[in-house]
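Work through the exercises below with the sequence and the model open. Each task is followed by a solution in steps.

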Amino acid sequence: MSMQAEPLTRRGKKGTGAGPENKEVGQDRKQKTQGRAAALLIIPSMIVLGIVIVYPVVDAIVMSLQKDAGLDPATGSFVAGGFAGLYNYIHWILQQCNTPGGQASCPAGTLGSQFWSATGTTFLLTVITVALETVIGFWMAIIMSRTFRGRSALRAAVLVPWAIPTAVTAKLWFFIFAFDGIANTLFHTSILWTGSEVPARSAIIIADVWKTTPFMALLILAGLQMIPDQVYEAAKVDGATAWQRFTQITLPLVKPALMVAILFRTLDALRMYDLPAIMTAGANGTTTLSILVVNQIRIGFNSAAALSTITFLIIFIVAFIFVRFLGANAVESATNSGKVK
Amino acid sequence: MSVSTLDPRAAKAVARRRERWASSRTYISAAIILIWCLLPFYWMIVTAFRDVGYTFDPTPWFTHVTWDNFTTVFSESLGNHFARNLLNSLIVASATTAVALLFGVFAAYALARLEFRFKFLVLGFVLGASMFPGVAIVTPLFQLFTNIGWFGTYQALIIPNISFVLPLTVYTLTSFFREMPWELEEAARIDGCTQGEAFRKVIMPLAAPAVFTTAILAFIGAWNEFLIASQLSSEATKTVTVAIAYFAGSQPHQEPYTAVMAAGTVVTIPLVILVLVFQRKIVAGLTAGAVK
């Protein structure tokens with residue numbers, strides 16, 4: 001449970017578990033009867049999630065330990081599959097393929113040779129987009145938190161990029177970055193945006209930042225609005241400069257909301273698929289892990305399953321690091337309705 | 001600060017000037033944000049209404065206006081079935097939303113209202129599930145659906161969509177429910193209602209806006225889904241996002257930009273209207289739990 005030893009519980013008046021003295025027999029009985037009702041209400045959802053998430057994940061792990069059916073390059077005969085042990089994982093991580101001469105590094109250009117480059121691309125895109133979105137989103141949130149005429153119009157406008165389907169966003173920016181497109185016309189450049197690595201990645205990053213910064217800004221704005229005005233007024237009276245007020249008050253108080261926003265966005269960016277798949281089809285150094293998995297599905301289920309399991313593990317580890325070491329406690333902030341400390 | 005050393009009138013003038021400067025800076029920043037967010041969207045609409053021959057015309061306002069692109073979008077002569085794709089998206093997104101709400105409302109009520117063990121664990125699981133990478137379930141489901149003959153059916157799209165829409169629903173609703181005036185429920189029970197009656201007569205009307213907002217978020221999430229639909233749909237069940245991504249033009253190696261922008265406009269305008277009308281609610285839903 002998430003009971004926090006805080007002297008100032010805003011909802012302490014009801015006394016449901018506000019302190020140890022309440023944890024008596026009555027509390028226990030209440031928990032027991034409510035527990036049964038809660039189980040009845042929650043179990044259906046858990047079963048559904050079990051079917052749509054847990055079962056496929058377990059299935060993927062089982063599949064990943066099987067050989068893909070196909071021609072054995074060493075003997076040239078058809079192999080039906082069978083138990084493969086960790087072969088599929090080794091295939092991806094060491095980029096080793098079956099060749100007529102036995103195990104060797106996968107030839108360049110095959111999917112098997114792309115695991116580490118895809119991982120690198122995924123992390124590069126994630127770090128750059130999330131960093132840009134955090135900084136720009138913070139700035140947008142600060143502007144939106146001020147009182148001025150037209151503020152609600154602004155808040156509505158930032159929802160527009162968020163609401164547009166990513167597939168449409170991808171096509172829109174693909175058009176903007178076309179060779180004869182508006183981006184080249186506007187900046188008097190003649191760049192083949194999707195034709196080489198740096199421009200292609202930049203185009204994807206810009207499209208992603210455009211699409212998701214509003215979401216980030218709204219999450220940070222929600223955090224900003226939790227800070228009482230009096231704190232700022234008191235700091236002003238004490239003579240704190242605008243910069244001091246930002247670093248000493250805004251940043252520390254908005255940090256929990258900010259960390260959760262960054263966590264959400266990071267995990268979302270790590271599974272990025274739509275934008276690169278549509279804008280560049282993974283060409284020119286834009287193959288992310290998700291794209292690699294999808295490309296593999298039609299070649300061999302089982303090694304695709306191994307790769308998707310690896311992807312899942314990578315994302316899981318990143319989430320763990322965030323929650324454990326960077327203090328992004330999404331569950332806590334979800335359980336704790338009043339985030340104001 | 002040196003305010004106290006100045007005479008009060010001068011100090012007031014300085015403060016007023018500073019305030020005016022600050023407010024004009026706010027307006028400039030707001031204008032930049034507005035332009036950045038809306039300009040690409042505006043460009044899509046301008047292009048959607050532009051004659052194909054002027055696809056790359058950089059004129060920033062509506063010129064060579066035509067409905068032709070919309071006719072192209074809905075014409076079947078090039079092998080596109082856009083009306084069908086729209087219907088498919090509507091079916092998949094509505095069904096996903098309905099199922100997610102049906103299960104999510106009860107789970108969220110329990111998470112927000114009842115005391116029980118493992119609550120933290122359940123919430124953690126729900127949150128973890130909402131951040132789950134779609135590719136991790138696409139591979140096994142691709143094989144499973146192929147084996148049982150579900151490939152290219154509606155359920156083959158709805159079931160994986162539930163994997164991310166249901167957690168989102170539970171999470172958002174839980175935050176909403178926690179902010180509701182539950183004292184009213186207690187009052188109703190004191191007046192003689194059972195817990196079920198109190199829920200139906202007092203809480204349901206109060207919860208309706210929260211459920212409605214969550215439904216919008218769930219619907220938008222399912223409507224915008226691309227990865228699962230691109231892998232598990234057939235020609236007959238293809239959704240609009242997939243259709244737009246692989247829209248066929250008249251020339252094999254020429255992207256039909258204006259038609260694609262028209263298709264994008266058709267798909268986006270209803271969402272944008274929805275978002276503008278329910279702006280306040282949607283912002284509350286997106287950031288649920290953080291805003292009081």
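## Exercise 1: Annotated spans of chain B

Task: State which residues of chain B carry the UniProt feature "transmembrane region", and describe the spans 154-177 and 198-223.

Solution. The structure is a predicted model. In an unreviewed entry, UniProt places the feature "transmembrane region" at residues 26-45, 90-111, 120-142, 154-177, 198-223 and 257-278 of chain B. Take residues 154-177 of chain B: the span is 96% helix and 0% strand, and its end C-alpha atoms lie 32 Å apart. Next take residues 198-223 of chain B, which are 100% helix and 0% strand, with end C-alpha atoms 34 Å apart.

## Exercise 2: Domains of chain B

Task: Give the domain division of chain B and describe the side of domain 1 of chain B that touches domain 2 of chain B.

Solution. Step one is the division: domain 1 of chain B covers 3-70 and domain 2 covers 73-286. Taken over C-alpha atoms, the centres of these two domains of chain B are separated by 33 Å.

Step two is the contact. Nine residues of domain 1 of chain B are in contact with nine residues of domain 2 of chain B. On the domain 1 side, helix 1 and helix 2 (68-74) of chain B each supply at least two residues. Helix 1 of chain B gives the largest share of that side, four residues. By class, the domain 1 side has five nonpolar, three polar and one charged residues.

## Exercise 3: A helix pair within chain B

Task: Are helix 8 and helix 12 of chain B roughly parallel or roughly perpendicular?

Solution. Start from the geometry: the axes of helix 8 (residues 195-223) and helix 12 (residues 279-286) of chain B come within 9 Å and cross at roughly 80 degrees. Angles of 65 to 115 degrees count as roughly perpendicular. Helix 8 of chain B is therefore roughly perpendicular to helix 12 of chain B.

Then list the residues. Helix 8 of chain B contributes B:Pro209, B:Thr213, B:Thr214, B:Ile216 and B:Leu217, and helix 12 of chain B contributes B:Lys281, B:Ile282, B:Ala284 and B:Gly285. Sorted by class, the residues of this contact between helix 8 and helix 12 of chain B are five nonpolar, three polar and one charged.

## Exercise 4: Where chain B meets chain A

Task: How many residues of chain B are in contact with chain A, and how do they divide by class?

Solution. The contact joins 86 residues of chain B to 87 residues of chain A. Helix 1 (residues 8-48) of chain B supplies the largest share of the chain B side, 14 residues. That side has 61 nonpolar, 20 polar and five charged residues.

## Exercise 5: Two helix pairs across the chains

Task: Classify the pair formed by helix 6 of chain A and helix 1 of chain B, and the pair formed by helix 12 of chain A and helix 5 of chain B.

Solution. For the first pair, the axes of helix 6 of chain A and helix 1 of chain B come within 10 Å and cross at roughly 80 degrees. These two helices are therefore roughly perpendicular to each other. A:Leu172, A:Phe175 and A:Ile176 make the contact from helix 6 of chain A, with B:Pro40, B:Trp43, B:Met44 and B:Thr47 from helix 1 of chain B. The residues of this contact are six nonpolar, one polar and no charged.

For the second pair, the axes of helix 12 (residues 289-297) of chain A and helix 5 (residues 135-147) of chain B come within 10 Å and cross at roughly 5 degrees. Angles under 35 degrees count as roughly parallel. Helix 12 of chain A and helix 5 of chain B are therefore roughly parallel to each other. The contact involves A:Ser290, A:Val293, A:Val294 and A:Ile297 on one side and B:Val135, B:Val138, B:Thr139 and B:Phe142 on the other. Its residues are six nonpolar, two polar and no charged.

## Exercise 6: Confidence in chain A

Task: Where in chain A is confidence lowest, and where is it highest?

Solution. Chain A averages a pLDDT of 80, and 81% of the residues score at least 70. Confidence in chain A is lowest in helix 14 (residues 330-335), at a mean of 57, and highest in helix 6 (residues 166-176), at 93. Over residues 1-24 of chain A pLDDT stays under 50, and the model has 17 contacts beyond four places in sequence for them.

Technical notes:
Residues are numbered from 1 along each chain as its sequence is written. Chains are lettered from A and ligands numbered from 1 in the order in which they are written. This is a predicted model: local features need pLDDT of at least 70, side-chain atom pairs count only at pLDDT 80 or more; totals for chains, interfaces and linings use all residues. UniProt positions are given in the numbering used here, feature names are shortened, and annotations may be inferred rather than shown by experiment. Axes are lines fitted to C-alpha atoms, for helices over the stretch in contact, and angles run from 0 to 180 degrees between N-to-C directions. Angles under 35 degrees count as roughly parallel, over 145 as roughly antiparallel, 65 to 115 as roughly perpendicular and the rest as oblique. Two residues are in contact if their C-beta atoms, placed from the backbone, lie within 7 Å. Ala, Val, Leu, Ile, Met, Phe, Trp, Tyr, Cys and Pro count as nonpolar, Asp, Glu, Lys and Arg as charged, and the others, Gly among them, as polar. Domain bounds come from an automatic or database domain assignment. pLDDT is the predictor's confidence in each residue, from 0 to 100.
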